[in-house]
Amino acid sequence: MREAGFDIARTGLLIVDLQNDFLHPDGAYGRAGQSAADIAALPERIKPLADALRAKGGWIVSTQFTLVPGKGGEPFISPHLKTLRPFLARGDFEPGAWGHRLVDSLQPADLTVEKVAYSAFFMSRLEYVLRRAGIDSLIVCGIVTNGGVASTVRDAHVRDFEVTVLSDGCAAFRSDVHETALADLSSIVSVRTCAQAMQLIEAA
């Protein structure tokens with residue numbers, strides 16, 4: 001996100017995994033009691049920036065963590081995820097279902113991409129749609145900082161996208177883990193607050 005020559009038309013707000021099944025009390029994680037205040041606060045904090053970017057002609061890109069249903073609707077769940085989150089079950093993060101969707105307050109997204117791993121670039125169409133849309137600058141927010149966000153940011157970096165991570169637009173289940181991940185990412189990409197990013201958008 002260049003301070004000089006910032007081109008909003010070529011910029012996308014990349015929202016990583018802010019879905020009902022992660023954030024809503026009735027979603028998969030909410031029903032299992034897996035929540036964190038820092039994560040719950042993200043949509044309200046990100047919304048003004050998303051609205052400003054939309055109004056100026058930028059792109060809103062949502063990645064959706066997905067559990068692909070197999071025979072009988074049973075989801076394909078990787079062994080490590082099943083160990084970490086044994087509560088995940090049929091219908092959770094299912095394509096087209098309510099829980100799979102971007103939270104209401106951040107809709108609509110201009111581009112939506114299903115993801116099946118930490119990185120939104122892994123075996124997905126994300127790079128294709130970004131290139132087709134002419135997007136070469138990404139402002140990244142979402143969850144979790146040390147997982148989906150970090151993996152996606154690193155993959156964007158090696159693909160020569162210009163990347164800004166929103167320090168208060170991301171969160172993890174522990175604040176120390178969040179801060180450590182941001183410190184690691186700051187060596188390869190720009191890290192800004194939502195307020196700082198908003199200033200650049202408003203000035204463009």
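These legends accompany close-up views of a predicted model.

**View 1. Strand S4 is shown with its enclosing surroundings.** S4 spans residues 137-143, and seven of its seven residues are buried, so the strand is largely enclosed by the rest of the structure. Take a look at the two sides of the strand: Ser137, Ile139, Cys141 and Ile143 point one way, while Leu138, Val140 and Gly142 point the other way. Both sets are buried.

**View 2. Strand S4 pairs with S1 and with S5.** Strand S1 (residues 11-16) runs parallel to S4, and six bridges join the two. Here you can find Val16 standing opposite Gly142 of S4. Strand S5 (residues 162-171) also pairs with S4 in the parallel sense, over six bridges. In that pairing, Ile139 has Thr164 of S5 as its bridge partner. To get from S4 to S5, the chain passes through helix H7 (residues 145-158), making a right-handed β-α-β crossover.

**View 3. Cys141 and Cys170 are buried cysteines without a bond between them.** The count of disulfides in this model comes to zero. Cys141 is in no disulfide, and the nearest cysteine sulfur, that of Cys170, is 6.3 Å away. A disulfide would need the sulfur atoms within 2.5 Å, so the 6.3 Å from the sulfur of Cys170 to that of Cys141 is too far for a bond. Cys141 has 0% relative accessibility and counts as buried; Cys170, at 4%, counts as buried too.

**View 4. Leu18 sits in the largest nonpolar core.** This core has 38 residues, and Leu13 and Leu18 touch the most other members. The elements giving two or more residues to the core include S1, S4, S5, strand S2 (59-65) and helix H9 (194-203). Helix H4 gives the most, with six residues. Follow Leu18 beyond its neighbours within four places in sequence, and you will meet contacts including Leu23, Leu42, Ile46, Val103, Leu106, Gly142 and Ile143. Arg101 is also in contact with Leu18. A second, separate core of 25 residues includes Val129, Val149, Leu182 and Leu185.

**View 5. Helix H6 has a buried face and an exposed one.** Leu126, Val129, Leu130 and Ala133 are the buried residues to look for in H6 (residues 126-133). Seen down the helix axis, the buried residues of H6 fall within an arc of 100 degrees, so they line one face. An α-helix has 3.6 residues a turn, so residues three or four places apart point the same way. Turned away from the buried side of H6 are the exposed residues Tyr128 and Arg132. The cover over the buried residues of H6 includes S1, S2, strand S3 (111-115) and S4. Just after the helix comes Gly134, with a positive phi near 80 degrees.

**View 6. Helix H8 keeps its buried residues on the same side.** In H8 (residues 175-185), the buried residues are His178, Ala181, Leu182 and Leu185. These residues cover an arc of only 100 degrees around the axis, which puts them on the same side of H8. Their cover includes H7, S5 and strand S6 (190-192).

**View 7. Ala195 of helix H9 is shown with Leu49.** Although 146 residues separate Ala195 and Leu49 in sequence, their C-alpha atoms are 8.3 Å apart in space. Ala195 counts as exposed, at 51% relative accessibility.

Note on methods:
Residues are numbered from 1 along each chain as its sequence is written. This is a predicted model: local features need pLDDT of at least 70, side-chain atom pairs count only at pLDDT 80 or more; totals for chains, interfaces and linings use all residues. Side-chain values use heavy atoms; hydrogens and water are left out. Buried means under 20% relative accessible area, exposed over 50%, partly exposed in between (1.4 Å probe, protein chains only). Helices (H or I, at least four residues) and strands (E, at least two) are DSSP runs, numbered from the N terminus. Two strands pair if DSSP finds at least two bridges between them. A crossover is right-handed if, with the strands pointing away from the viewer, the path from the first strand over the helix to the second runs clockwise. The arc is that of the directions from the helix axis to the C-beta atoms. Contact means heavy atoms within 4.5 Å. A nonpolar core is a set of buried Ala, Val, Leu, Ile, Met, Phe, Trp, Tyr and Cys residues joined through side-chain atoms within 4.5 Å.
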